[in-house]
Amino acid sequence: MSNDERSAPAPADEEEEPREDPAAIDLPGDALTESLLEALLFVAERPLGRRELATLTGASSETIDAPVSDLEVTLAGRGIRLLVDGDRVALATAPEAGLLIGRYVGREPTRLSAATLETLAIVAYRQPVTKAAIERVRGVDAEYAVRSLLHRRLVVELGRADAPGRPILYGTSVEFLERFGLVSLDDLPLLDAGVAERLATPEPPDATPDASAPGGELDPVPDPGPAGMP
């Protein structure tokens, strides 16, 4: 091959096509459909907030709620459900498919102890709640139970309380909804009147938990075992 042949430009049909600029892709905006939203949530590796969804799709924050609500209704009787955790939404398998899916993946989720379930119930019904408030309700130290729930991602940190020492506020996660087969916190079972009063009554700010006190028994959210995707 001559020098002229080596230096000759490639034929037009062999030139690399220019790549499309991601920023130039037309976003659906306020015309966002349920199917597009479902596809986006399907590939998401974590729950997405409504503001993040609006940014990703180009929809306005005022209109993003409509396709989210429509998709929740559409999937209500399907094998995939839309979970709503405050501002965040995510797709998960239906709770009634939990045993079948657990059989496929070949593992059982770790059962929670009675103390951990009781702590989780307090967080679920009283969130956002501090560890000190949990300990006042239970009457015993809750350090281990809270750390265990954080490790299992059933409980998350929501911020800090506007109180001396700025204690951490805890709440339940999307994984909590998925594990217990709930679509939202509105699906939590109703509490016994006495238990509800015990959770709702504010404790004096100088109250401290007594580690030796039994604290009574609070009916926890029952551990259903596998529900939805483990």
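Which helix lies across E4, E5 and E6, and at about what angle to E6 does it run? Select residues 114-126: this is helix H6, which lies across the three strands and runs at about 95 degrees to E6. Keep in mind throughout that the model is predicted.

**Stop 1: the sheet under H6**

Show E4, E5 and E6. They form an open sheet with antiparallel pairing, in the order E4-E6-E5. The edges are strand E4 (129-130) and strand E5 (155-160). Each has a single partner strand, so one side of each is left without a neighbour in the sheet. Now select residues 168-172, strand E6. E6 runs antiparallel to E4, and two bridges join them. For one of the residue pairings, pick Thr130: its bridge partner in E6 is Leu169.

**Stop 2: H6 against H8**

Strands pair through backbone hydrogen bonds. Packed helices call for another description: the angle between their axes and the distance between the axes. Add helix H8, residues 143-151. H6 and H8 pack at an angle of about 80 degrees, and their axes are 9 Å apart. An angle of 65 to 115 degrees counts as roughly perpendicular, and H6 and H8 are therefore roughly perpendicular to each other. Show side chains for the contact. From H6, select Ala115, Thr116, Thr119 and Leu120. From H8, select Ala145, Val146, Ser148 and Leu149.

**Stop 3: backbone exceptions**

Most residues other than glycine have a negative phi, and most peptide bonds are trans. Which peptide bond here is cis, with omega near -5 degrees? Zoom to the bond from Gln127 to Pro128. Pro128 lies in the loop between H6 and E4.

Go next to Arg153, in the loop between H8 and E5. Its phi is positive, near 60 degrees. Is Arg153 buried or exposed? Arg153 has 54% relative accessibility and counts as exposed.

Then select Arg166, in the loop between E5 and E6. Phi of Arg166 is also positive, near 50 degrees. Arg166 is partly exposed, at a relative accessible area of 42%.

A glycine ends this stop. Gly139 comes just after H7 and takes a positive phi of about 80 degrees. Step back into helix H7, residues 131-138. Its buried residues are Ala133, Ile134, Glu135, Val137 and Arg138.

**Stop 4: an aromatic pair**

Select Phe176 and Phe180 and draw their rings. The count of aromatic pairs comes to one. The ring centres of Phe176 and Phe180 are 5.1 Å apart and their planes stand at 45 degrees, so the pair is tilted. Phe176 and Phe180 are both buried.

**Stop 5: the E1-E3-E2 sheet**

Move to another open sheet of three strands, with the order E1-E3-E2 and antiparallel pairing. Strand E1 (48-49) and strand E2 (80-85) are at the edges, and each pairs on one side only. Select strand E3, residues 88-93. E1 and E3 pair in the antiparallel sense over two bridges. Pick Leu48: opposite stands Val89 in E3.

**Stop 6: one face of H4**

Which residues of helix H4 are buried? Select residues 65-74 and highlight Pro67, Val68 and Leu71. Look down the axis of H4: these buried residues fall within an arc of 105 degrees, so they line one face of the helix. An α-helix has 3.6 residues a turn, so residues three or four places apart point the same way. Last, show what covers the buried residues of H4: the list includes helix H2 (34-43), helix H3 (50-57), E2 and E3.

Key: Residues are numbered from 1 along each chain as its sequence is written. This is a predicted model: local features need pLDDT of at least 70, side-chain atom pairs count only at pLDDT 80 or more; totals for chains, interfaces and linings use all residues. Side-chain values use heavy atoms; hydrogens and water are left out. Two strands pair if DSSP finds at least two bridges between them. Helices (H or I, at least four residues) and strands (E, at least two) are DSSP runs, numbered from the N terminus. Rings of Phe, Tyr and Trp (its six-membered ring) pair if their centres lie within 6.5 Å; planes under 30 degrees apart count as stacked, over 60 as edge-to-face and the rest as tilted. Buried means under 20% relative accessible area, exposed over 50%, partly exposed in between (1.4 Å probe, protein chains only). Contact means heavy atoms within 4.5 Å. Axes are lines fitted to C-alpha atoms, for helices over the stretch in contact, and angles run from 0 to 180 degrees between N-to-C directions. The arc is that of the directions from the helix axis to the C-beta atoms. Angles under 35 degrees count as roughly parallel, over 145 as roughly antiparallel, 65 to 115 as roughly perpendicular and the rest as oblique.
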